[in-house]
Amino acid sequence: ETGMKAIRETDTLDTFVDSAWYFIRFCSPQYFDGPFNEDDIDYWMPVDQYVGGIEHAILHLLYARFFTKALKIKNLDEPFESLFTQGMVCHNTYKNEHGAWVFPDDVKENDDCLIQISTGSNVIEGPNEAMSKSKKNVIDPESIIDSYGADSARWFMLSDSPPERDINWSLSGIQGSWRFCQKIFSLVEKNSNLFQEMCFKKDEDNEAQALLKNLHQNLNEITKSIEKFQMNVAVAKIYEIVNHLSKVKNTNHIAFKEAIETLIRVIEPMIPHLAEECWNLIGNKSVLSEIPWPEVNPVYLIEEFYTVVIQINGKRRGEISVQQGVSEEEVMREIMELKNVSEALKDKVIKKSIYVPNKIVNLVV
């Protein structure tokens, strides 16, 4: 003992321990006779899907499982049904000439060097690392929201890479996302009068059928991708729908109406503010998130033609387009007429042919 005045340190537990049982309390937040009600736990738990960064996969998950087992709650052995580990958002790190970390917003280019705006010190650019308050390689979300909106930030993070991988934050990326959000809004706004006048007609022309085929094939992929946590794939398919819609010449038909309504509904999980705005723009008073997810029409998933790749001893030699239902004999006959194939087979004996319908032919010689 030193005899000096001191304050006892009480905040000694890791923050992950502090949050190791909050999900149990969430099940009965209005219950005041104890920390939780076992009947509520029995109804809500276990959690269907746990999504967290890589550090959560070890520390928080470990503590949460320990607490759950220690509490010995009736019918609850494990707190989480499924775990998905998401990637981290990364940014370059910066230090000034005194070795202090510097915020990216406090750095500017001056000729061939970097300068700290607030002090005028030279800045050294470090490696690209996961955003961290201690290393100051963070971007203020308020400045991004003020300049580009929350939806643009969301869209960029979902579109950049698969959610299990790290993403590198970039200004050009957020600007590109903002432009795409504007493109969707402009597309809807430009055609909003069609919805107000309800002047759509049933049109079975080739353009309408091509639009419906594009729409339902991409809707099918979007639905499957979201269910698999492949958000970046879903985003890519939304790009395809928007690009196709932008080229449609005859917009006053039912196919176009269906495509616009479907587009607005499928972007809602990713960019909800824009989606709700567009939904109201075409005259809907209902809450978009309460509208059922659109159903895929299987008629438009049937391909009329398929591309069959030709390989000889595993090496690609060409491809042909074949109609749905064509026989293997017809495919082989068409393959033999290709110059690349005929030259590769010259003076060779085909020992074996492997045909995967509508996909690939592999000749072993």
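Three short exercises on this predicted model follow, each with a worked solution. Residues are numbered from 1 along each chain as its sequence is written. Local features need pLDDT of at least 70, side-chain atom pairs count only at pLDDT 80 or more, and side-chain values use heavy atoms, without hydrogens or water.

**Exercise 1.** Find the order of the strands in the open sheet.

*Solution.* Start with the terms. Strands are DSSP runs of E, at least two residues, numbered from the N terminus. Two strands pair if DSSP finds at least two bridges between them. Five strands then give the order 4-5-6-3-7, with mixed pairing. Strand 4 (107-110) and strand 7 (167-168) are the edges, as each pairs on one side only. Now look inside the sheet. Strand 3 (residues 89-96) and strand 6 (residues 122-130) run antiparallel, joined by six bridges. Lys-95 has Ile-124 in strand 6 as its bridge partner.

**Exercise 2.** Determine which helix gives the most to the largest nonpolar core.

*Solution.* A nonpolar core is a set of buried (under 20% relative accessible area, 1.4 Å probe, protein chains only) Ala, Val, Leu, Ile, Met, Phe, Trp, Tyr and Cys residues joined through side-chain atoms within 4.5 Å. The largest has 37 residues. Helices are DSSP runs of H or I, at least four residues. Helix 11 gives the most, with eight residues.

**Exercise 3.** Explain why Cys-278 forms no bond with Cys-181.

*Solution.* A disulfide needs two cysteine sulfur atoms within 2.5 Å. The sulfur of Cys-278 has its closest cysteine sulfur in Cys-181, 9.3 Å away, so the two are too far apart for a bond. Cys-278 is also buried, at 0% relative accessibility. The structure holds zero disulfides.

Key:
Buried means under 20% relative accessible area, exposed over 50%, partly exposed in between (1.4 Å probe, protein chains only).
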